[in-house]
Structure formats: structure tokens, C-alpha cells
Amino acid sequence: MSQLTVNRMVPTRDVCAVVLLLLLLILTGALSGCRPGASEGPAEQTEPQASRIISTAPAITETVIALGEEKRLIAVSQFCAYLDEVRQLPKVGGLYNPNIEEMIRLNPDLIILDSGAVDLAARLHTLGIETLVMDTRSLQGIINAIVNIGRHCGPDAEARAKQVAETLYEHLQQVRARTSQGEKPSVLLVLDRPLHARTFSSFYAAGNNPLFNEIIEIAGGRNVLGESPFAVSGLSLESVIDLDPDYIFDLTTNDSISQMSQEEQEKLKPELLADWENFREQVRAVRSGHVYPLLEHYATVPGPNINLLVEAMAQVLHPENSPTE
């Protein structure tokens, strides 16, 4: 997860690092017309095969695992601890607290970073460490990153990466086809708010940026903040009441929630829904029972499982078009 331009309103509390990294990632790009391996520049040359990789973000780690190449990982971000495959590996901090000394000590032949860490990449380069910066600020960027990471893991991994990217692309297109003809209910995608609070006055929600807009559009909705001047919009409760969305998807989480098992997260959802009850009379989505907490990791990790977020939203917005088993 990486960098994003946000509203000058800054939260008065620490935002969960996982969610913040998501906010910081998402700025440009669109899926329409893209294919796995599509590139804005010239064709890539054959890359040296990396055998000692450090991943600095969950999306990167999930991609390496999806390609079956986790054996190449020697360390990961502190926010990757939820992944069983890398739980025992050394941790090298996060976007804002990278442990460069530990990175150097581990002697990697490649450190993979996201586009929010370009300053760190430049610093590592001056130390003679090979880096690869992944731009996952768009659905096309996510697809390109999968193929690019595979390319650095060797020919077999690259072939698997193209398959993974193709599967992701095709799933997104299938969802788009299912939802394109229906109504487009208004959607508020909440990215940060106070947790376990019966009253809260501030929200941070997905504003006008291509990744959020297209995720909502493919799922069959319309971003209620799609014309905001900000990629992430700071809202008051009064603003939410004025927007009066048809649906609210609540992606708010924190460190403890992000480390929970799926079963534990499911048990927590009723408590998070209860936080909205005081707004039942003022907000249509609450009154209609259309508030949906999404605590699963795929909701905040722009990686190879981003299609699961789109699918989950599509099944809520257009259950009549959900795939049959």
C-alpha cells in the first residue's frame, strides 16, 4: 500500500496503518481496456532472478505468495503478520518506520516497495541495494505489478503471474458484465472513523480517485463522493446526512482487528454495525439496513485479491445478479 493525496483535514487520532496505507496508495488509473501485462512504456527486458526478496507491503507479500514464490522471501513488512506463510520471517518495519539497518543486514538481492516509498527506494539505491517499485494506484497497476513481480522471480513464476493476472482481469470483467445494466445506487465507502463509539462526528471516505471510483462502478454502484475535489474526503456527520447514501461499506479497522482470524472478525461485525444505530433516522443506508462492515484483508490490500472486494460489494448492491453455485 502506498501514497495518496488527502484532504488537508487530518485525523486527530492515529489511523490504522493498514487502512492509511490503502488511502495513501490510490490516486490514478482505470481498468477499462486493460489486459494483464499491459504497459505504458517499452517492453520489459529479461530481469535477473531474485532469490532473497524483502517485501515492504502486504500487497507485495500477497502477490509473491499467490505466485507460489514465498520461499524467496527473507523478510516482510510488520503489517504482513496476518499471513501464515510469512509469520515467522523477520519484520522490517512499515512505510513510516522502515528498519534500513535490518534490511542491509539481511543482504537481499531485491527489495520490493510500493509507489509510496520512492524516497526509501532512492536511499536504498544509494546503498547499492536493488529495488523494484510497484505502482498499484490503479486496477491496471495492480495487474501490472503481479506480472512484474513474477518476472523478477524467474520464467516459471512469470508464467504463473500472467495466469493470476488474467484470472483477476477476467473476474473483474465478469462482475462488470453482471452489474452494468442495473441501477447504480449511491455508495459511501468509509475508510476511517472512530471505532466502538456510539457517537462520532468525523469520517474519512473514498473521494474522487480512479481506483475507488472504478471499484464501486464495477460493483454496480456510484460513488456518492465521486465529484469531490479530494481523493480522500474528510466528512462531518452533517455531511453524511446530507449525502444520504443508499449503501455504506465500512472498511474501518485497526491493528488488533487486522490480526484477527476471519471467524473473530465475523463475530465483531455486529458491534461495528451497532456504532451506526444512532444515525438510523438521519441516514437512509442505516435506516434500510444497508451498512456493511468489510473487515477482510482483501478490502484494504490492493493486491491479487482485490477482485474479492469488488465481488463482495457487487453481491450486496445487485444480489439478483450474483453468480449461482
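These are my notebook entries on a predicted model of one protein.

**Entry 1. Overall content and confidence**

I began with the whole chain. The protein has 12 helices and 10 strands. Of its 325 residues, 55% are buried. I then looked at how far apart in sequence the contacting residues lie: among contacts between residues at least 6 apart, 66% join residues at least 24 apart.

Next I checked the confidence of the prediction. The mean pLDDT is 85, and 84% of the residues reach 70 or more. I noted two stretches where pLDDT stays under 50. One covers residues 1-30, for which the model has 96 contacts beyond four places in sequence. The other covers residues 39-43, with 1 contact beyond four places in sequence. I read both stretches with caution.

**Entry 2. The nonpolar cores**

I asked which residues have the most contacts inside the largest nonpolar core. They are Ile112, Leu189, Phe249, Leu309 and Met313, in a core of 59 residues. I followed Leu189 further. Leaving out residues up to four places away in sequence, Leu189 touches Tyr204, Ala205, Ala206, Phe212, Ile216, Phe249, Leu251 and Met313. Two of these names, Phe249 and Met313, had already appeared in my list of core residues with the most contacts. Apart from this core lies another, of 17 residues, which includes Phe200, Leu235, Ile248 and Trp276.

**Entry 3. Helix α7 and its surroundings**

Helix α7 came next, since Phe212 and Ile216 are among the residues that Leu189 touches. I recorded the buried residues of α7 as Leu211, Phe212, Glu214, Ile215, Ile216 and Ile218. A glutamate, Glu214, stands in that buried list. The buried residues of α7 pack against the helices α5 (139-151), α6 and α12 (306-317), and against the strands β5 (186-192), β6 (202-206) and β7. Just after the helix, Gly220 takes a positive phi of about 100 degrees.

I then examined the pairing of α7 with α6. Helix α6 spans residues 155-179 and α7 spans residues 210-218; they pack at an angle of about 60 degrees, with their axes 8 Å apart. This angle makes α6 oblique to α7. On the α6 side the contact is made by Leu172, Val175, Arg176 and Thr179, and on the α7 side by Glu214, Glu217 and Ile218. By class, this contact has 3 nonpolar, 1 polar and 3 charged residues.

**Entry 4. Ala206 in strand β6**

I returned to Ala206, one of the residues touched by Leu189. Ala206 lies in strand β6. Is Ala206 buried or exposed? Its relative accessible area is 0%, so I recorded Ala206 as buried. Beyond its neighbours within four places in sequence, Ala206 is in contact with Leu189, Leu191, Phe212, Asn223, Leu225 and Ala231. For Ala231 I also noted the separation: Ala206 and Ala231 are 25 residues apart in sequence and 6.5 Å apart in space, C-alpha to C-alpha.

**Entry 5. Two loop positions, Pro229 and Gln78**

Pro229 sits in the loop between β7 (222-223) and β8 (232-236). Pro229 has a relative accessible area of 72%, and therefore counts as exposed. Its C-alpha is 7.6 Å from that of Gly207, although the two are 22 residues apart in sequence.

Gln78 is in the loop between β2 (73-75) and α3. At 31% relative accessibility, Gln78 counts as partly exposed. Setting aside neighbours within four places in sequence, I found Gln78 in contact with Lys91, Gly93, Gly94 and Asn97. I also looked up Pro58: Gln78 and Pro58 are 20 residues apart in sequence and 8.9 Å apart in space, C-alpha to C-alpha.

**Entry 6. Positive phi outside glycine**

Finally, I looked at backbone angles. Most residues other than glycine have a negative phi. Asn107 has a positive phi of about 55 degrees although it is not a glycine. Asp244, also not a glycine, has a positive phi of about 45 degrees.

Where do these two residues lie? Asn107 is in the loop between α3 (100-105) and β3 (110-114). Asp244 is in the loop between α8 (237-243) and β9 (247-250). I then compared their accessibility. Asn107 counts as exposed, because its relative accessibility is 55%. Asp244, with a relative accessible area of 19%, is buried, as the cut-off for buried is under 20%.

Technical notes: Residues numbered from 1 in each chain as written. Predicted model: local features only at pLDDT ≥ 70, side-chain atom pairs only at ≥ 80, totals over all residues. Heavy atoms only, no water. Core = buried A, V, L, I, M, F, W, Y, C linked by side-chain atoms within 4.5 Å. Buried < 20%, exposed > 50% of the residue type's maximum accessible area, 1.4 Å probe, protein only. Contact = heavy atoms within 4.5 Å. Helix = DSSP H or I, 4+ residues; strand = E, 2+ residues; numbered from the N terminus. Axes fitted to C-alpha atoms, helices over the stretch in contact; angles between N-to-C directions. Parallel < 35°, antiparallel > 145°, perpendicular 65-115°, else oblique. Nonpolar A, V, L, I, M, F, W, Y, C, P; charged D, E, K, R; others polar. pLDDT = per-residue confidence, 0-100.
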